[in-house]
Structures are given as structure tokens and as C-alpha cells.
Amino acid sequence: MKAVVTEIGAKALDEKEPMIILFGESATEGLKEYSVIQKFQDVQSLKLKQGDLLKIDEQEYTIRYVGSFANSNLNSIAHVTLVFVDVPEEDPIVNGLYLSPTILPKIQIGTTIEYVSSGV
């Protein structure tokens with residue numbers, strides 16, 4: 001499933017915070033300030049799991065951990081938090097996708113985000 005970045009909030013990207021909050025176009029103005037807005041090109045149901053891939057433009061990431069609410073929120077409101085640090089032993093973000101490598105990608109309007117599930 002593929003999405004395109006349509007908006008980037010003024011406070012959405014911060015080199016000191018190794019995460020990107022993604023929302024769909026229905027996000028409120030308050031949320032948009034801190035979020036990257038994505039628009040899905042085709043609507044399918046996603047069921048991401050550890051080991052699946054996420055591609056941001058040409059950069060490929062392996063999903064190391066899927067938070068307990070990540071799939072349901074991604075499917076219902078296109079919301080998920082991309083986290084670029086090692087998975088903590090306690091209290092990982094429930095809506096997070098922890099990714100490897102832990103390199104923050106360059107995001108701009110028109111960036112494509114591809115969710116690649118092995119479907120098993």
C-alpha cells in the first residue's frame with residue numbers, strides 16, 4: 001500500500017526527536033502542526049508485522065516492532081508513529097512502528113511512503 005505526503009506541519013520534523021507522526025487528511029488543525037499528512041493512493045487493509053518493510057522514497061526500513069494500536073489506527077485514520085530508535089524493553093509506543101536503520105529520512109511534499117507487508 002502506498003501513500004504520498006501532502007502536508008508537513010511546522011513542528012512535525014525535529015532532528016532531536018527521532019520520530020515522525022503520520023496522519024491522514026482528516027487530522028485536525030492542532031494535530032497537523034505536529035504531523036506529516038499522508039494520502040493513501042489505494043485503500044486496502046494493512047496488517048503490518050515485525051520483519052515487514054517500509055519504504056520512504058528510496059530508503060528502505062525493516063519494521064522491528066509494531067505497537068498494539070498501530071495497524072488499527074493506520075487502517076482507520078491513516079495514523080501511525082514512525083520511530084527511529086531501538087525498541088525499548090518497557091513501554092514502547094502503542095501506535096509506533098519501530099524501524100531499522102535508525103536514520104531519520106528526508107521528508108518533503110510528494111515523498112512516497114510504501115507499506116510492504118509479506119501478508120503471511
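The buried residues of helix α2 are covered by a set of elements that includes the strands β3 (36-40), β5 (59-66), β6, β7 (96-100) and β8 (112-116). This is a predicted model, and the description that follows starts from that helix and works outward to the strands. Helix α2 spans residues 70-77, and its buried residues are A70, N71 and L74. Viewed down the axis of α2, these buried residues fall within an arc of 95 degrees, and they therefore line one face of the helix. Just after α2 comes A78, which takes a positive phi of about 55 degrees.

The strands named as cover for α2 also have places in a wider arrangement. A closed barrel of eight strands runs in the order β1-β3-β2-β6-β7-β5-β4-β8, and its pairing is mixed. From one strand to the next, the twist averages 35 degrees.

Strand β1 offers a convenient place to follow the pairing in detail. Covering residues 2-8, β1 pairs with β8 in the antiparallel sense over three bridges, while five bridges join β1 to β3, and these two strands likewise run antiparallel. Residue A3 can be followed to both neighbours of β1: in β8 its bridge partner is I113, and in β3 its bridge partner is F40. Elsewhere in the barrel, strand β2 (residues 19-23) pairs with strand β6 (residues 80-83) in the antiparallel sense, over four bridges. Within that pairing, M19 has V83 of β6 as its bridge partner.

Which residues are the closest to the centre of the largest pocket? The pocket itself has a volume of about 190 Å³, and of the 14 residues that line it, the closest to its centre are F40, V43, L74, N75 and A78. Several of these have already appeared in other roles: F40 is the bridge partner of A3 in β3, L74 is one of the buried residues of α2, and A78 is the residue with positive phi just after that helix. Both β3 and α2 supply at least two residues each to the lining of the largest pocket, and α2 gives the most, with four residues.

Taken together, these features lead back to the helix at which the description began. Helix α2 has buried residues that line one face, since they fall within an arc of 95 degrees around its axis, and β3 is among the elements that cover those residues. The helix and this strand also each contribute at least two residues to the lining of the largest pocket, and β3 is in turn joined to β1 by five bridges.

Notes: Residues are numbered from 1 along each chain as its sequence is written. This is a predicted model: local features need pLDDT of at least 70, side-chain atom pairs count only at pLDDT 80 or more; totals for chains, interfaces and linings use all residues. Side-chain values use heavy atoms; hydrogens and water are left out. Two strands pair if DSSP finds at least two bridges between them. Axes are lines fitted to C-alpha atoms, for helices over the stretch in contact, and angles run from 0 to 180 degrees between N-to-C directions. Buried means under 20% relative accessible area, exposed over 50%, partly exposed in between (1.4 Å probe, protein chains only). The arc is that of the directions from the helix axis to the C-beta atoms. Contact means heavy atoms within 4.5 Å. On a 1 Å grid over the protein atoms alone, a cavity is a set of points where a 1.4 Å probe fits but cannot get out, and a pocket is an open set with protein on both sides within 12 Å along at least five of seven lines; lining residues have an atom within 4 Å of a point. Grid points are joined across faces, edges and corners, and a volume is the space filled by probe spheres set on the points.
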